[in-house]
Amino acid sequence: MTATTGRRLLLVHAHPDDESINNGATMARYAAEGAHVTLVTCTLGEGGEVIPPELAHLTADREGTLGAYRIGELTKAMAELGVTDHRFLGGPGRYRDSGMMGVPDNDAPGCFWRADLDEAADRLVAVVREVRPQVLVTYDEDGGYGHPDHIQAHRVAMRAYELAADPAHRPELGAAWRIAKVYWNRVPRSVVLRALAETAEKAPFPGVAEPSDIPGVVDDELVTTVLDGAAYTDRKAAALTAHATQITVDGAYFALSNHLGQPLLTTEYYQLVRGQAGPRLPEQDLFAGLDLDAPATAAASAPEEGAR
Ligand SMILES: [Zn+2]
């Protein structure tokens, strides 16, 4: 029987780098505090653009080796965050990067956007039942900003959350497990507007991102949980820097291949969408309110409780 005490956090992301952008400080903090942090990345991000000219030969239209290269970048980023358990859904290369919405790669065989939902979810069910996380973090229904692989990562994560808890579903994938709390990545609109104004003034990039370029921006009142990761600013910056094909970091700012400056947020924000919130809102801990010393009640003993 797997250990049932101790904090276990599972994050589901679309491409290498999304974890560091959205949750780098959170992951570093929980890893440093002794929680078991598991990252599942759904694709290799082989459809990405490449920023450094000396690595431009990696792209899909040239050598097509960007996916393999990004495994190395992710490995380095995880070392910076202190996370040792990182996996690709179905193994590296099982699902291909689908590209931005509307491009021909959306229809390519083997791309994540075209994946059978239940089949992909079952690959995650096996991870959930093995790791038994109390907390799951993923994107909202729009994937944070509409990228097909992010939308699909959301669907797979939410489907796996349901299926993993059903003892009648695929028992050969492990004993059923109910994840106590599910969060979506968020950034409060007021925080984004303030941070982008400061970025416009101070960031060393030719332009500044729009709020719509930042994943998960919502009205402030939807945010239930505020994670102070200021002590892990250096770790997050180092993890972003490790994704050098995708990200340029400069001080408190970074840019993607569009060269538009964004703030490097070290307070990270979440919306609780399944499970019970801790006693005080906003929560300051993803595990708030959980009794981690309670004996494992194998699965599905708790009925579905949508927080909203
Ligand atoms: Zn992504």
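The exercises below, each with a worked solution, concern a predicted model.

**Exercise 1. Determine where threonine 43 lies, whether it is buried or exposed, and what its side chain meets.**

Begin with the position along the chain: threonine 43 belongs to the loop that runs between strand S2 (36–41) and helix H2 (66–81). Next take the accessibility, which for threonine 43 is 1% in relative terms; since buried means under 20%, threonine 43 counts as buried. Then look at the surroundings, leaving aside residues up to four places away in sequence: threonine 43 touches Ala14, His15, Pro16, Phe88, Tyr95, Arg96, Asp97, Phe112 and Asp149. Finally, turn to the polar side of the picture, where a polar atom of the threonine 43 side chain lies 3.1 Å from the backbone nitrogen of glycine 45.

**Exercise 2. Work out how S2 and strand S3 pair, and which unit they make with H2.**

The first step is the direction of pairing: S2 and strand S3 (residues 85–88) are parallel and are joined over four bridges. The second step places individual residues, and here threonine 41 is found opposite phenylalanine 88 in S3. The third step adds the helix, and S2, H2 and S3 together make a β-α-β unit that is right-handed.

**Exercise 3. Describe the geometry of the aromatic pair of tyrosine 95 and phenylalanine 112, and then that of tyrosine 183 and tyrosine 270.**

Start with the count, which comes to three aromatic pairs. In one of them, tyrosine 95 and phenylalanine 112 have ring centres 5.2 Å apart and planes at 55° to each other, an arrangement that is tilted. These two residues are 17 residues apart, with tyrosine 95 and phenylalanine 112 each in the loop between S3 and helix H3 (117–131), and the pair links distant parts of the chain. Both tyrosine 95 and phenylalanine 112 are buried.

Now pass to tyrosine 183 and tyrosine 270, whose rings form an edge-to-face pair at 6.1 Å centre to centre, with 70° between the planes. Because tyrosine 183 lies in strand S5 (residues 181–188) and tyrosine 270 in strand S12 (residues 267–274), this pair ties together parts that are 87 residues apart in sequence. Tyrosine 183 and tyrosine 270 are both buried.

**Exercise 4. Identify the ring over which the charged end of arginine 94 sits, and the ring whose face arginine 29 lies over.**

For arginine 94, the charged end is placed over the ring of tyrosine 95, at 4.7 Å from the centre of that ring. For arginine 29, the partner is tyrosine 30, and arginine 29 lies over its face at 5.4 Å from the ring centre.

**Exercise 5. Find the backbone exceptions at aspartate 17, histidine 259 and proline 282, and place each in the chain.**

As background, most residues other than glycine have a negative phi, and most peptide bonds are trans. Consider aspartate 17 with this in mind: its phi is positive, near 110°, and the residue is not a glycine. Aspartate 17 sits in the loop between strand S1 (8–13) and H1, and it is buried, with a relative accessible area of 6%. Histidine 259, also not a glycine, has a positive phi of about 60°; its place is the loop between strand S10 (253–255) and strand S11 (260–263). At 39% relative accessibility, histidine 259 counts as partly exposed. The remaining case is a peptide bond, since leucine 281 and proline 282 are joined in the cis form with omega about -5°, and proline 282 lies in the segment after S12.

**Exercise 6. Give the order of the open sheet that contains S11, name its edge strands, and list what covers the buried residues of helix H6.**

Reading across the open sheet of four strands gives S6-S11-S10-S9, and the pairing is mixed. The edge strands, each of which pairs on one side only, are strand S6 (207–208) and S9. Between S6 and S11 the pairing is parallel and extends over two bridges, with leucine 260 in S11 as the bridge partner of glycine 207. For helix H6 (residues 233–242), the buried residues are Lys236, Ala237, Ala238, Ala239, Leu240 and Ala242. The elements that cover them include H1, H2, strand S9 (248–250), S10 and S12.

Terms used:
Residues are numbered from 1 along each chain as its sequence is written. This is a predicted model: local features need pLDDT of at least 70, side-chain atom pairs count only at pLDDT 80 or more; totals for chains, interfaces and linings use all residues. Side-chain values use heavy atoms; hydrogens and water are left out. Buried means under 20% relative accessible area, exposed over 50%, partly exposed in between (1.4 Å probe, protein chains only). A polar contact is a pair of N or O atoms within 3.5 Å; within protein, one must be able to donate a hydrogen and the other to accept it, and residues adjacent in sequence count only if both atoms are side-chain atoms. Contact means heavy atoms within 4.5 Å. Two strands pair if DSSP finds at least two bridges between them. A crossover is right-handed if, with the strands pointing away from the viewer, the path from the first strand over the helix to the second runs clockwise. Rings of Phe, Tyr and Trp (its six-membered ring) pair if their centres lie within 6.5 Å; planes under 30 degrees apart count as stacked, over 60 as edge-to-face and the rest as tilted. A charge sits over a ring if NZ of Lys or CZ of Arg is within 6 Å of the ring centre and within 35 degrees of the ring normal.
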